[in-house]
Each structure stands twice: as structure tokens, then as C-alpha cells.
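Let's take a friendly walk through a protein model, one region at a time. Have the picture ready and turn it as you read.

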Amino acid sequence: MRLEYTERQRAFREEVRQWLSEHLPEKPLECLDTAEGFEAHRAWERTLFDGGWSAVTWPKEYGGRGCGLIDWLIFEEEYWGAGAPLRVNQNGIFLLAPTLMEYGTEAQKQRFLPPMASGEEIWAQGWSEPGAGSDMASLRCSAIRDGDHYVINGQKTWSTRAVYADWLFGLFRTDPASQRHHGLSFILLPLNLPGISIRPIKQLNGQPGFAEIFFDDVRVPAENLIGEEGSGWRIAMATAGFERGLMLRSPGRFQQTAKALVDLYKDNQTQADRDPGIRDAITRGYVAAEAYALATYRTASRLAKGGKIGAESSTNKIFWSELDLLLHETAMKILGARAQLLPHAPEAAGISHWLDGFLFAQAGPIYAGTNEIQRNIIAERVLGMPRA
Amino acid sequence: MDFTFESHQIAFRDAIRKFLMVEAAPEMLREIWETTSGRSADLRARLADQGLTALSVPEDFGGIGLGDLDWVLVLQELGYYAIPESLVDTAYLAAGLLSELSGDIEIKREWLPRIASGEARVAIGHPSNPFVADAGTANLLLMWHNDAVHAVRPDAVKLTAQPSIDNSRRLSQVEWKPEASTRIADARIGAPLWQRLLLRGGLATAAQQVGLAQRMLDLGVDYAAQRKQFGKIIGTFQGVKHPLADVAVAIEFAEPVVHRAAYCIGRGHARAGHAVAQARMQASEAAHKAARASIQAHGAMGYTWEADLQMFMKRAWVLDAGWGDLAHHKARIAEDIFDDQAALGPSNTFSTHYGEAPAPRVSAVSR
């Protein structure tokens with residue numbers, strides 16, 4: 001064990017910090033679920049890419065920087081510490097890319113990774129269907145092979161970023177006679193193909209962060225299949241592992257929120273101290289954010305020595321989503337009547353990101369596998385408890 | 001940056017675990033705990049054979065001379081197997097304090113080899129614990145007096161037993177009189193020694209609570225795998241599964257905090273007290289959550305003296321009050337984070353000092 005950064009790691013941190021200070025947008029970008037905000041965030045992805053920072057853990061040949069996981073954590077700490085914009089292409093960079101690296105052909109990697117890194121192609125996810133949420137194995141949207149194409153029919157829903165995104169990755173039933181997790185395939189497709197219609201769904205904040213996607217005889221080239229036909233479930237579970245496991249929510253994000261919460265408390269101490277629970281909640285939130293960072297460093301160190309991601313996928317998901325709720329609920333309590341104000345309300349200057357964060361925190365225990373599903377996974381696969 | 005243990009540290013932990021699994025089974029501990037002293041010379045001798053009593057004693061005095069990071073994994077096992085405080089107090093805390101006295105002095109020559117061999121038990125009296133553990137069986141008492149360290153013989157103290165609901169504990173109030181002849185370190189030398197001892201006491205508490213949490217979780221999972229109701233194993237019900245899964249989460253996010261605390265103490269970081277306080281908070285939460293979830297999974301059985309759960313549950317509860325109680329540690333963190341000089345936020349997780357000037361930051365532009 002050695003809990004100090006090396007000289008090289010310190011220099012790397014300085015390099016990240018320096019670059020961010022020179023390139024950060026001068027004012028906050030508009031919400032990425034608006035048309036303008038989406039394009040502004042796409043432009044920021046390009047800026048990151050030009051600096052070599054959009055996908056630091058990828059190999060250089062695909063547009064990355066070839067960094068290890070500890071460097072990735074350092075990068076993320078600086079990124080969140082600097083208050084840099086949300087990553088509009090996180091679906092692609094953090095979720096699809098690891099899958100492509102593991103299951104994609106060389107041609108697929110060459111085709112999809114560089115434009116993903118540069119923000120030229122932004123990705124949406126296609127998992128859930130009206131009848132397949134937590135029970136994803138019951139999905140029905142079909143992709144039937146016809147010569148050198150798949151013909152897709154059916155519907156996807158709760159597809160994050162799909163309103164403005166360029167491409168979609170997801171699971172489709174390629175064997176119509178199959179049941180459950182058999183006969184599913186992992187397919188990539190551009191969202192501008194004929195036969196696709198997209199209906200935006202407004203999220204709690206009133207912006208179309210989700211969409212329903214309808215497929216009517218949509219023809220997708222068979223070369224967009226990832227892995228073997230019928231092996232989609234296994235590949236998707238690997239994707240879900242990456243997502244929940246490590247890369248979706250790096251600790252810097254929550255440590256920055258915990259720090260901001262301390263500042264919010266200090267700025268509003270008279271109001272805040274009326275509730276003796278506030279200081280306690282801030283203290284617990286700060287310690288929990290730090291615990292999340294330490295656990296992540298531990299996992300990253302283990303992976304760097306050749307370990308595999310395991311139960312952390314599920315324990316992390318539960319922990320960070322509940323932590324995010326604690327931090328934002330506490331901020332709402334401190335802000336009192338001002339907490340509800342929309343960004344354009346005159347009294348909301350400088351605080352409206354707390355409302356955004358609070359709303360988004362409500363989604364944390366639901367997306368990427370609900371926390372109930374995670375508890376089932378922990379109970380059955382880690383604790384060895386019997387299945388129902 | 002490498003947050004993994006060395007293979008020899010893991011191997012030693014595994015060996016201790018195997019040993020305690022056989023030698024410290026609950027039915028044997030119950031028997032020992034029913035005796036007046038609550039202690040077994042025979043078990044102590046076998047623990048010594050494993051090297052446990054010699055870990056902190058320097059090689060020059062017949063020990064192994066290992067550090068806090070070597071201890072922390074062992075401390076978790078001592079928690080898991082509910083080994084009473086006499087071992088930790090003697091072999092980790094007292095041996096640590098005596099070893100850090102400088103020079104080859106009489107008190108070290110007399111006591112360190114006897115600690116290493118498993119012959120001597122040492123009790124520790126410090127204001128952070130109103131009652132002294134295992135004073136009745138101690139061969140020596142190390143007593144705090146205005147930051148000075150006094151080494152007091154058992155015949156020079158008067159004990160009033162204060163029995164605890166935790167049947168493994170033997171607590172007493174100790175009356176004694178500081179003399180020039182009992183003083184082994186004056187306040188100037190003693191203050192930092194006591195400070196280190198308190199850090200270690202806090203670490204030992206947190207690490208044992210993590211071990212206890214794991215034991216209570218295992219007991220709850222085992223019970224739920226056997227008990228049937230409504231014609232089904234109760235462990236198949238989500239209402240039983242989910243609270244136990246939450247315990248696994250709590251342990252996952254307590255353990256690395258405890259390990260960092262051990263590292264900071266070992267390195268003498270100025271921030272070690274803060275790291276220990278965080279470890280105490282996370283470990284206590286895991287332990288209390290485990291106790292709650294496990295007794296609930298056990299149903300009425302969990303409320304009995306007969307089920308082993310009570311042995312571990314009671315230790316988990318009472319440990320909170322020792323070596324600076326939980327209130328003390330929480331208040332310390334609050335004091336640190338609400339300080340205007342506090343270095344908070346990402347990139348300060350491994351700072352060695354607390355409250356150094358925050359690193360220069362570009363202005364935040366969005367969340």
C-alpha cells in the first residue's frame with residue numbers, strides 16, 4: 001500500500017489543472033437537454049478531444065491518452081473540481097466504448113471510437129421497452145436478419161439523449177422464437193435511418209432528456225452487430241457492469257458537491273442552523289463522499305493489478321445514488337423557500353444548480369438498474385442467498 | 001498510489017482467520033466469558049504462538065516489530081471473532097506506547113518481552129474511557145495523569161467492578177495515586193505518546209466494528225438460509241434480503257476508510273486523527289446497520305441469549321463509547337470541515353495535512 005501520488009501523477013494533475021484553467025468555457029453551458037445546450041456541449045467535447053482529454057483511458061490510436069485508472073481518477077477529480085461541463089457523450093465514452101474495446105472487431109473500433117471521442121457522433125442508449133424495464137430480458141423489439149441487413153421493428157423507451165443524439169446502441173431480439181435472455185443481439189444504429197420516429201419525453205425538469213423510439217422496418221447493416229448474433233445479453237451485462245461499476249460516476253463529482261454544500265451552509269448559516277440536523281447531514285455526506293473516493297481508489301488499484309470488477313458494480317450504484325440524494329436534500333433544506341426557484345427567477349441567481357441536482361438525484365436510484373435490482377444481485381451473487 | 005495490501009499481509013490475516021475459526025468458536029468463548037476473570041491463560045498462550053502478542057514489540061525486545069498497516073487486517077479478524085480487549089490493549093496499544101518510549105530503558109526491558117511472549121497483560125487507563133478494561137487481570141496498568149504516563153502495579157490500585165451487558169468485557173473503575181516512582185514519561189514526552197495511543201485505540205475500535213459487522217451479516221445470511229416460513233426459506237424474500245444487502249454496502253464503504261486511517265497512523269500524518277474519525281463514523285454505521293439487520297433476520301431467536309448473534313451485537317454496540325466516543329469523532333470532523341482553512345473537495349482525499357491552504361483553483365463555471 002502506498003497512498004501517495006508519484007511525481008509523475010502529481011505532474012499529470014498539474015497538467016490537467018493547467019489545461020482546464022485555460023480552456024474552460026467562460027460561463028456555464030446551457031442545459032444539455034435543450035437543442036442549443038446539446039450543441040454547446042458537443043463543441044466542448046471537441047475542445048476536450050483536441051486537447052487529448054476526452055477519453056483519457058482509451059488507447060491513443062482511437063483518440064485516447066492511454067492512461068491507467070489512477071490517472072483517470074486524477075483527471076476526474078480535477079474535472080469536477082474545476083466545475084467543468086457535464087459530458088454529453090458519456091453514454092458512448094464510458095459505457096459503449098469499453099464494450100467495443102472488448103467485443104468489437106478492429107474495423108468496428110476504427111469506425112466508431114474516434115468520432116465518439118471527438119463528439120462528432122453522440123450516443124444514446126436503447127435498453128428499456130414499455131414492457132421491459134427492470135425485467136430487461138423480456139424485451140421484444142425485433143431485429144430480423146434479411147441478407148446483409150437486420151430489419152428492426154418495435155419500440156424502445158426512456159432512451160437518454162435520443163432526442164438529439166446521432167447513434168444508438170442497444171439490445172434487440174434477433175431470434176423471434178427465443179425466450180428471455182436468449183436470442184438477443186447487441187446492435188448499433190444511426191438514429192436518422194428511414195423508419196425511425198422519435199418522440200421526446202419531458203423529464204422532471206421539463207426538458208426532453210428521454211425519448212421513445214419507434215422502429216418501422218428499419219434496415220440496419222449487419223456489420224453493426226457487436227459480437228455474435230444471440231450473445232447480446234452477455235455483452236449488455238458487461239456494459240452494465242462498467243456503467244455501475246466504476247466509470248459512470250466518479251467520486252470527484254460527489255466530493256465537489258459535498259464541498260459546495262459546506263460553502264452553501266456557510267453562506268446561509270443562520271437559516272441552516274435552525275435545523276440541528278443540517279450540520280450532521282453535511283458531516284455525514286462529506287464523510288460518505290470521501291468513503292466513495294477511497295473505495296474507488298481501492299477498486300482501481302485492484303484492477304490495475306489484474307483484478308476483475310465484481311460486486312463493486314452493485315454496491316457502488318446503491319452508495320453513490322443514496323449519497324447524491326443526501327447531499328441535494330440537505331441543500332434543499334438549507335435553501336428553504338428559494339430551493340424551488342427556476343433558473344430565471346431573480347432570486348435564483350447562483351443557486352439554481354442545486355434544484356437541477358436535486359431533481360437529477362431522484363433518478364439515481366432508478367437508472368442503470370434500480371437499487372432494488374442491485375440489492376437482489378448483492379444478496380444472491382455476493383451473499384449467496386437463495387433466489388425466489 | 002496503490003491501495004492494495006502486500007501479499008504477506010493478506011497471508012498473515014488468512015492464517016489468523018483460520019486459527020481463530022477453530023480456537024475461538026463461539027461456544028468456547030461463551031465458556032471463558034462465564035468465568036470470573038473472563039480470560040483464559042491457555043487461549044492467550046495459543047494466540048502468542050501465532051505471533052499475535054509480538055506484532056508491535058520491536059525485534060530487539062523479542063517481538064516482530066510490525067506496524068499499523070499490518071495490524072489493521074488482524075484487528076478486523078479480532079472483531080469478527082469477538083476477541084476481548086485485553087489482547088488489543090496489551091499487544092497493540094500498550095506495546096505500541098512502550099515501544100515508542102526512547103532508549104533501552106528498564107520499563108521496556110521488563111515488559112516488552114513479556115508482552116511478546118504472551119505472559120503479561122497490560123491494562124490502560126485514559127480519560128477517554130471512564131472505565132478501564134481488564135484491570136483485574138492486568139500485570140501492569142499504564143495510567144494517564146495530566147498527560148504523563150504512569151506504570152502502576154496491580155497491588156497499588158483499588159478496583160470497583162462495573163459489569164457490562166457485553167459479557168466479554170471486564171470493566172472497572174480504578175483508584176490509584178500517581179507517584180514519582182510510577183511515572184515513566186512526563187507530560188511533555190507523554191502527550192504525543194497518548195495521542196498516538198488514542199489514534200490506535202480509535203483504529204482498533206473501527207477495524208473491530210467492521211469485522212463484527214461482517215460476522216453479524218454472515219450470521220444473518222446463514223440463519224435466513226435455514227429458517228422456513230410460508231413453506232419457503234425466508235432468505236428468498238426481498239424483505240429479508242435487502243437489509244442484509246445494505247449491510248454489505250455499508251461494509252464496502254467502511255473498510256477502505258479504516259485502511260486509510262491505519263496507513264495515516266503508520267506514516268505519522270498530521271491528518272491521522274481526521275482519518276481515524278472518519279473511520280469511526282463509517283465503521284460504526286456498518287456495525288449498527290449489521291446488528292439491526294441481523295437481529296431482524298433472526299426474528300425472536302435474535303432476541304435470545306442462546307443465539308450467538310448477541311455476543312457480536314453487544315460488542316458492536318459498546319465499542320462506540322471507547323477511545324473518544326462517536327460524538328467526539330463526529331464533532332472533530334465537523335470542526336475540520338467547517339473551518340475556513342479546510343482543504344475540501346476532490347484531489348484532497350490523500351492530503352497528509354488537514355487545513356493546509358487549499359490548492360489554487362480556477363473558478364467554477366457550472367456543476
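Is Pro346(B) buried or exposed? Pro346(B) is buried, with a relative accessible area of 1%. Keep in mind as you look that this is a predicted model.

## Finding your way in chain B

Pro346(B) sits in the segment that follows helix 12 (326–337) of chain B. To get a feeling for distances, look for Gln162(B) as well: Pro346(B) and Gln162(B) are 184 residues apart along the chain, and their C-alpha atoms are separated by 46 Å.

Another residue to visit is Ser99(B), which belongs to helix 5 (residues 85–100) of chain B. With a relative accessible area of 19%, Ser99(B) is buried, because the cut-off for buried is under 20%. Its neighbours, leaving aside residues up to four places away in sequence, are Ser56(B), Val57(B), Pro58(B), Lys108(B) and Leu112(B). With one of these neighbours there is a polar link: the side chain of Ser99(B) reaches the backbone oxygen of Ser56(B) at 3.4 Å.

## Where the two chains meet

How many residues does each chain bring to the contact? Chain A gives 69 residues and chain B gives 60 residues. The size of an interface is often given as the accessible area lost when the parts come together. Here chain A and chain B bury about 6100 Å² between them, and 64% of that lies on carbon and sulfur atoms. On the chain A side, the residues that lose the most area to chain B are Met1(A), Leu3(A) and Arg298(A), which together account for 15% of what that side buries.

Polar links cross the interface too. Between chain A and chain B there are 22 residue pairs in polar contact. Several helices of chain A each supply at least two residues of the side that touches chain B, including helix 1 (7–23), helix 7 (251–267) and helix 12 (371–382). The largest share of that side, 17 residues, comes from helix 9 of chain A. Sorted by class, the side of chain A that touches chain B has 31 nonpolar, 14 polar and 24 charged residues.

## Salt bridges between the chains

The interface of chain A and chain B holds 10 salt bridges. In one of them, Arg298(A) pairs with Glu255(B), with the closest N and O atoms 2.9 Å apart. Arg298(A) may be familiar by now, as it is among the residues of chain A that lose the most area to chain B.

Another bridge joins Arg375(A) and Asp246(B), whose closest N and O atoms are 2.7 Å apart. Arg375(A) is in helix 12 of chain A and Asp246(B) is in helix 8 (residues 238–252) of chain B, so this pair joins two chains. Arg375(A) counts as buried, at 9% relative accessibility. There is also a bridge between the side chains of Lys305(A) and Asp2(B), at 3.0 Å from N to O. This pair runs from the loop between helix 9 and helix 10 of chain A to the segment before helix 1 (7–23) of chain B. Lys305(A) is exposed, with a relative accessible area of 55%, whereas Asp2(B) counts as buried at 18%.

In the loop between helix 9 and helix 10 of chain A you will also find Gly306(A). Gly306(A) counts as exposed, at 60% relative accessibility.

## Salt bridges within chain A

Over all chains, the structure holds 50 salt bridges. One of them links Arg161(A) and Asp33(A), with the closest N and O atoms 3.4 Å apart. Why does this pair tie together parts that are 128 residues apart in sequence? Arg161(A) lies in the loop between strand 3 (149–156) and strand 4 (167–173) of chain A, while Asp33(A) lies in the loop between helix 1 and helix 2 (35–51), so the bridge spans that separation. Both Arg161(A) and Asp33(A) are buried.

Salt bridges can also form a network, as they do among Arg13(A), Arg17(A), Glu77(A) and Glu78(A).

## The nonpolar cores

In soluble globular proteins, nonpolar side chains tend to be buried together. In this model, the largest nonpolar core has 204 residues, and those with the most contacts inside it are Phe186(A), Leu188(A) and Leu78(B). Helix 7 (residues 187–226) of chain B gives the most to this core, with 16 residues. Apart from it lies another core of 25 residues, among them Phe38(A), Tyr150(A), Leu189(A) and Leu191(A).

Conventions:
Residues numbered from 1 in each chain as written. Chains lettered and ligands numbered in written order. Predicted model: local features only at pLDDT ≥ 70, side-chain atom pairs only at ≥ 80, totals over all residues. Heavy atoms only, no water. Contact = heavy atoms within 4.5 Å. Buried area = accessible area lost by both parts, 1.4 Å probe. Salt bridge = Lys/Arg side-chain N within 4 Å of Asp/Glu carboxyl O. Polar contact = N/O pair within 3.5 Å; in protein donor to acceptor, adjacent residues only side chain to side chain. Helix = DSSP H or I, 4+ residues; strand = E, 2+ residues; numbered from the N terminus. Nonpolar A, V, L, I, M, F, W, Y, C, P; charged D, E, K, R; others polar. Core = buried A, V, L, I, M, F, W, Y, C linked by side-chain atoms within 4.5 Å. Buried < 20%, exposed > 50% of the residue type's maximum accessible area, 1.4 Å probe, protein only.
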